[in-house]
Every structure is written in structure tokens, then in C-alpha cells.
Amino acid sequence: MFEHLKPQPADKILALMQMYREDPRDQKIDLGVGVYKNAEGVTPVMRAVKAAEKRILEEQESKAYTGLAGDPAYADAMIGLILGTSVPRGNIAAVATPGGTGACRQAFEMIRMANPSARVFVSNPTWPNHLSILNYLGIEAVPYRYFDGETRGVDFDGMIADLNTAKSGDVVLLHGCCHNPTGANLNLVQWQEVVNIINELGLVAMIDIAYQGFGDGLEEDAQATRLVASSVKECLIAASCSKNFGVYRERTGLLMAISADAGQTALNQSTLAFLNRQNYSFPPDHGARVVTTILTDPVLRADWEAELEEIRLSMLGLRQQLADELQRHSGSDRFGFVAQHRGMFSRLGAAPELVEQLRADHGIYMVGDSRLNIAGLNANTVPILAKAIIDVGV
Ligand code: PLP
Ligand code: TYF
């Protein structure tokens, strides 16, 4: 049987991570995979996470199964964090999932179950896993214009024109904040226009939110998601705690299905539980329990929010420093977009040969589409990167 297997394409981001590890040079800089690193290059366990884990270790009395949806307290806490009070709780079905990837996967399966002919409109570019999972499930992905290669902002006219080609029942996948891989985001006026199209054409909104708190702040980063969730008829939200709680390997995510018709919620909830059961029965609990412990304890929550804010501000500081250095080296404002982008990533808009030259000649690793992870930098490496970017001729 196994001889019939064919090699599958590798994940380019994970392959780059491996290549970096194998590079013997001392001066190498890793701007690849989207993992937060502090100025010392360490991905720390957040203080509130450590404290919550200690408490769980001391107080947890059972590791018996939770439920197919995970612990309901986790869903409640996460719904509060992401949606606030923008949507009545009775309209929201929710299940814990293994990470944001698991939430995306379950969302796509639910879409296919409900409407096998639905297409999913995805930003061009988007997170590669969106495309590979859609492809694996046999769901048609339709790219909509998103990144403007000239301004390095959003090509909003192109986006609107492409979304207007969607048909009733199609799904529009949007990044709730901190777009991966570009760093370019819509403003709230533009989000409202997207909502109008979704409602006019009878589309289904799907939001992937993996970086809440990494852009403009916890509340600010949730605004677009709240706007969409409270204004459309049907909406899926795939959320990840990997980044904002730093619990990457614990696999902690949540999938919500929101319906303006509260009567639909019970069926949505049982469908999500069914999908969990088909794929892995019970979702992972440890990370979810840590997150619930933090969000429901005022002291831990305040400490988590403070540390998250430090992380956010450190990335903003690095963005500004990089933009300033690039301005100095290039004598122009053409890299100003680096300070405008939000989240972990910026897409430089450099040709693949130049990205390769940065790796080969300077030991600087960024993803082939010229996405760089801002958190991979520190105050000492920013000038090195800026000089290298100008030297190779970006
Ligand atoms: N969605 C986006 C856009 C991402 O960048 C990520 C990456 O971490 C995820 C979802 C899912 O992350 P995880 O499965 O590690 O929670
Ligand atoms: O885009 C990133 O770098 C993160 C991490 O298969 C990631 O989202 C990358 C690839 C992958 C899973 C997660």
C-alpha cells in the first residue's frame, strides 16, 4: 500500500526554519517563521501562562475527558475576548480546536458540509495553509486582489472588484487583523464596505484572527471582527491563541459559527461537535485551560495584557527603527510602509532573487515572497538588515 504514496509539497515556511537551523554562520538572522522572539532571540513563556500552569498543576484533580466542544468556560472566555458584547451569546456556537489551524480546518469542513458548491474567496496572498487545506478538501479557492505591489498597502479597488464577482453562498475569508503575510490591513470604513458587499451578494463571512493584540491593541484589533460578526447573517470565526498567549505548541484555538437566527445555533453547535468527534474526538485541553484561567482571573489577566502590550510596542518600535534606517540608507521615503504595516509581518515586495541573495550573502532568512518577521529583529540587527536590503538593491 505505502508504495502508492506520492511525495507531498513541503511547507515553505517550515522548510526555511530547518534551513536556518542548519546554517553554520554566526551572523545569521531568522526572519522566517511567525514566532515572537524577544531582543535575546528567545520565545518566552508568558508570565501569566507560567502562573496559570502552576495553579493548574496544584489544583487540577482530574484529567478525565472534557466534552466534544471542549470546556464551555473556555469558549465563553474567548468569545468575550474576541467579540465582547457585539453578538448575543445565544447566536454563537463554538468549539475548542487544536490551534487556529484546527479551527480553519473545521470551518472549511463545515462549509463543505453545508454547501458543497461554495467557493472560498481568499486574499492574494494569504497564509499558505488556507490554500493547502482548501485544496486538500477539494474546495475551490478563488483569489481576490489584496496587496498593492507599488504602495505595499491594500489594493482596495481591486479587492472590491473581485469580491463583486462572488455568488450567493460563496465564502469570503478575511484576516481579522495583522494580515499574514503582508502586514497591510483595511481601515474600518473599508471593512464596512466589505460588509455591505457580503450582505448585498448573500455571501458568508469567515474571519481568521490569529494576532489579536499584536497590531493596535487587544480591543482595536477585534473591532473589524466585531463589526462583521454583528452585521452579517452568517459568519465563521477561526481564532488562535498561539501568538497572543505564546502557547504555540499547546495547540489552542476556537471556532465560532454565528447566525443572526438564534434558532440555528443549536444545529450549528451540534455540527461543530460532530466535526470534532470525526477528526479527533476531544480537543486539546491544557492550553485552553491556561487561557481560561488567565482570562477569568483579574490579576493574571492584567499581567497578561501588560506583557502582550510590551510585546506589541516592542514590535512597533522595531518597525519604526527599520523604517528610519531604510530612509537613511535609501535617502527616500519608499520604505515608509514598514512603519504603517501591523502585526508580526511585513511584505517588502522584493523579487525572489533578492530574497535569495539576502540569505546566501547576508545570512538573512525571510520567506521567499519577501515576508519578514519583525519580531526576529532587535535593535542591533535592524541596521544590519537595512543596509543589506539596500545593498542587494531592493
Ligand atoms: N491563521 C493565520 C493567518 C496564521 O498566521 C496562523 C499561524 O500561526 C494560524 C492561523 C494558526 O496558528 P496555530 O494553528 O498555530 O494556532
Ligand atoms: O505564517 C507563519 O509563519 C505562522 C506559523 O504550516 C506557521 O503562521 C507557519 C506554517 C505552518 C504553520 C504555522
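## Two domains, two ligands and a bent helix

Helix α8 bends by about 35° at A224. That comes from a predicted model, so take the numbers here as computed from it. The domain assignment splits the protein into domain 1 (10-44 + 300-392) and domain 2 (65-296), and ligand 2 lies between them, since both give residues to its shell.

**Helix α8**

- Bend or no bend, the length works out: the 14 residues of α8 (residues 218-231) should span 20 Å at 1.5 Å a residue, and the end C-alpha atoms sit 21 Å apart, which agrees.
- A224, where the bend falls, is one of the buried residues of this helix, along with D221, A222, T225, V228 and A229.
- Those buried residues pack against two helices, α3 (72-83) and α7 (188-201), and against the strands β6 (204-209), β7 (234-240) and β8 (253-259).

**How the domains meet**

- Taken over C-alpha atoms, the centres of domain 1 and domain 2 are 26 Å apart.
- Domain 1 puts 26 residues into the contact, and domain 2 puts in 29.
- On the domain 1 side, α11 (298-330) and β9 (345-347) each supply at least two residues, with α11 giving the largest share at seven residues.
- By class, that side of domain 1 divides into eleven nonpolar, six polar and nine charged residues.

**Helix α11**

- With 33 residues, α11 reaches 47 Å from its first C-alpha to its last, close to the 48 Å expected at 1.5 Å a residue.
- Its buried residues are W304, L308, I311, R312, M315, L318, R319, L322, A323, E325 and L326.
- Among what covers them are α2 (47-59), α8, α10 (286-296), α12 (337-340) and α14 (381-392), so α8 turns up again here as part of the cover.
- Q320 also belongs to α11, but Q320 counts as partly exposed because 13 other C-beta atoms lie within 10 Å, and a residue needs 20 or more to be buried.
- Q320 and V142 are 178 residues apart in sequence, and their C-alpha atoms are 35 Å apart in space.
- Just past the end of α11, G331 takes a positive phi of about 65°.

**Ligand 1**

- The shell around ligand 1 has 13 residues, and the closest are G99, G100, T101, S240 and S242.
- Helix α4 (residues 99-114) gives the most to this shell, with three residues.
- Sorted by class, the ligand 1 shell comes out as nine polar, three nonpolar and one charged.

**Ligand 2**

- Around ligand 2 you'll find D11, I13, L14, V33, G34, W127, N129 and N180.
- This shell has four nonpolar, three polar and one charged residues.
- Why does ligand 2 lie between the domains? Domain 1 and domain 2 both give residues to the shell around ligand 2.

**P284, a loop residue**

- P284 is found in the loop between α9 (265-279) and α10.
- P284 has 19 other C-beta atoms within 10 Å, which makes P284 partly exposed, as the cut-off for buried is 20 or more.
- Leaving aside neighbours within four places in sequence, P284 is in contact with P98, E250, R251 and T252.
- P284 and I384 are 100 residues apart in sequence, and 41 Å separate them C-alpha to C-alpha.

Notes:
Residues are numbered from 1 along each chain as its sequence is written. Chains are lettered from A and ligands numbered from 1 in the order in which they are written. This is a predicted model: local features need pLDDT of at least 70, side-chain atom pairs count only at pLDDT 80 or more; totals for chains, interfaces and linings use all residues. Helices (H or I, at least four residues) and strands (E, at least two) are DSSP runs, numbered from the N terminus. The expected span of a helix is 1.5 Å times one less than its number of residues. The bend at a residue is the angle between axes fitted to the seven residues ending there and the seven starting there. A residue is buried if 20 or more other C-beta atoms lie within 10 Å of its own, exposed if 12 or fewer, and partly exposed in between; C-beta atoms are placed from the backbone. Two residues are in contact if their C-beta atoms, placed from the backbone, lie within 7 Å. A residue is near a molecule or strand if its C-beta atom, placed from the backbone, lies within 6 Å of it. Ala, Val, Leu, Ile, Met, Phe, Trp, Tyr, Cys and Pro count as nonpolar, Asp, Glu, Lys and Arg as charged, and the others, Gly among them, as polar. Domain bounds come from an automatic or database domain assignment.
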